[in-house]
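This report looks at a few local features of one protein chain: a buried acidic residue, the packing of a helix, backbone angles and charged pairs. Please keep the sequence and the structure in view while reading.

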Amino acid sequence: MTNKYFSDEVIEWNDLYFICYMIERVARKLHQKNQYVVNAIGKEELYHLISVANVLHCENPLQVESDWISNYHLEEGNVDITKVDESLVEKIPSATQMGKVYARLIRDTSAREENYVDGILRIYNHSLCETIDNYNCSAYYEPSYVIARAYQAGGF
C-alpha cells in the first residue's frame, strides 16, 4: 500500500500496528467497541491516518487519542473491558498487545490485492472480534495462525 501523500513511500506493517494500537486505546478511553471507532473514522480518514502513522507514533499517544476523539466526534459508550471473571483472567491485555493481535490478523488474512485500510474495515467489522475482545476466553492470546484460521473458519 502506498502513502496517500507520498506515492514513492510504502506504508509499513508498523504503521498498521500503530493504527490498531490507537484504535484500541481510543475505544478503551471512550468505553466503546473497536468497531465503533473504525466505522466512525471511516475509510478515507483511516487512509489519511495510516499515511501519517510514521509521524503520529512519535507524538504523545494521549494527544493522538485526544485528537482522534475531537476530530472524529467520537462519543462515550458503555463497554467496560475490565468487567471480567477474575477467576479466569489475571490480567487484561494492554492496548499494545491487542493492537498487535489485530495487526497480525489483518496481515495474515488479507487478500493479495487488499490494502491495510480495507483490511482494518474487514476485520474490525467481523463477528470474530466479539470473541477476541472477550477476555474471559483465551482467543486473544492464541498464536496468530490459530486466530487467522478461526477467522477463515468463521469462529473458534
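Is glutamate 65 buried or exposed?

## A buried glutamate in helix 5

In this predicted model, glutamate 65 counts as buried, because its relative accessibility is 5% and the cut-off for burial is under 20%. Glutamate 65 is placed in helix 5, and, when residues up to four places away in sequence are left aside, the residues touched by glutamate 65 are Met22, Arg25, Val26 and Lys29.

## Helix 2 and its packing

The buried residues of helix 2 include Asn34, Val37, Val38 and Ile41. Viewed down the axis of helix 2, the buried residues fall within an arc of 95°, and they therefore line one face of the helix. This can be set beside the general geometry of an α-helix, which has 3.6 residues a turn, so that residues three or four places apart point the same way.

The partners of these buried residues are several helices: they pack against helix 1, helix 3 (43-51), helix 5, helix 6 and helix 7 (116-124). After helix 2 comes glycine 42, which has a positive phi near 85°.

## Two histidines with positive phi

Most residues other than glycine have a negative phi. Histidine 31, although it is not a glycine, has a positive phi of about 60°, and histidine 73, likewise a residue other than glycine, has a positive phi near 50°.

Histidine 31 is found in the loop that joins helix 1 (13-30) to helix 2 (34-41), and histidine 31 counts as partly exposed because its relative accessibility is 31%. Histidine 73 lies in the loop between helix 5 (61-71) and helix 6 (95-109); with a relative accessibility of 65%, histidine 73 counts as exposed.

## Salt bridges

Side chains of opposite charge can pair when their charged atoms come close. Searching the whole structure gives seven salt bridges, and three of the pairs are described here, beginning with lysine 4 and glutamate 44, whose closest N and O atoms are 3.9 Å apart. This pair links distant parts of the chain, since lysine 4 belongs to the segment before helix 1 while glutamate 44 belongs to helix 3, 40 residues apart. Lysine 4 counts as partly exposed at 35% relative accessibility, whereas glutamate 44, with a relative accessible area of 52%, is exposed.

Within helix 1, glutamate 24 and arginine 28 are separated by about one helical turn, because they are four residues apart, and their side chains meet in a salt bridge at 2.9 Å from N to O. Glutamate 24 counts as buried, with a relative accessibility of 2%, while arginine 28 counts as partly exposed at 22%. In another salt bridge, aspartate 108 pairs with arginine 107, and the closest N and O atoms are 3.0 Å apart. Aspartate 108 is partly exposed, having a relative accessible area of 33%, and arginine 107 also counts as partly exposed, at 38% relative accessibility.

Key. Residues numbered from 1 in each chain as written. Predicted model: local features only at pLDDT ≥ 70, side-chain atom pairs only at ≥ 80, totals over all residues. Heavy atoms only, no water. Helix = DSSP H or I, 4+ residues; strand = E, 2+ residues; numbered from the N terminus. Buried < 20%, exposed > 50% of the residue type's maximum accessible area, 1.4 Å probe, protein only. Arc of directions from axis to C-beta. Contact = heavy atoms within 4.5 Å. Salt bridge = Lys/Arg side-chain N within 4 Å of Asp/Glu carboxyl O.
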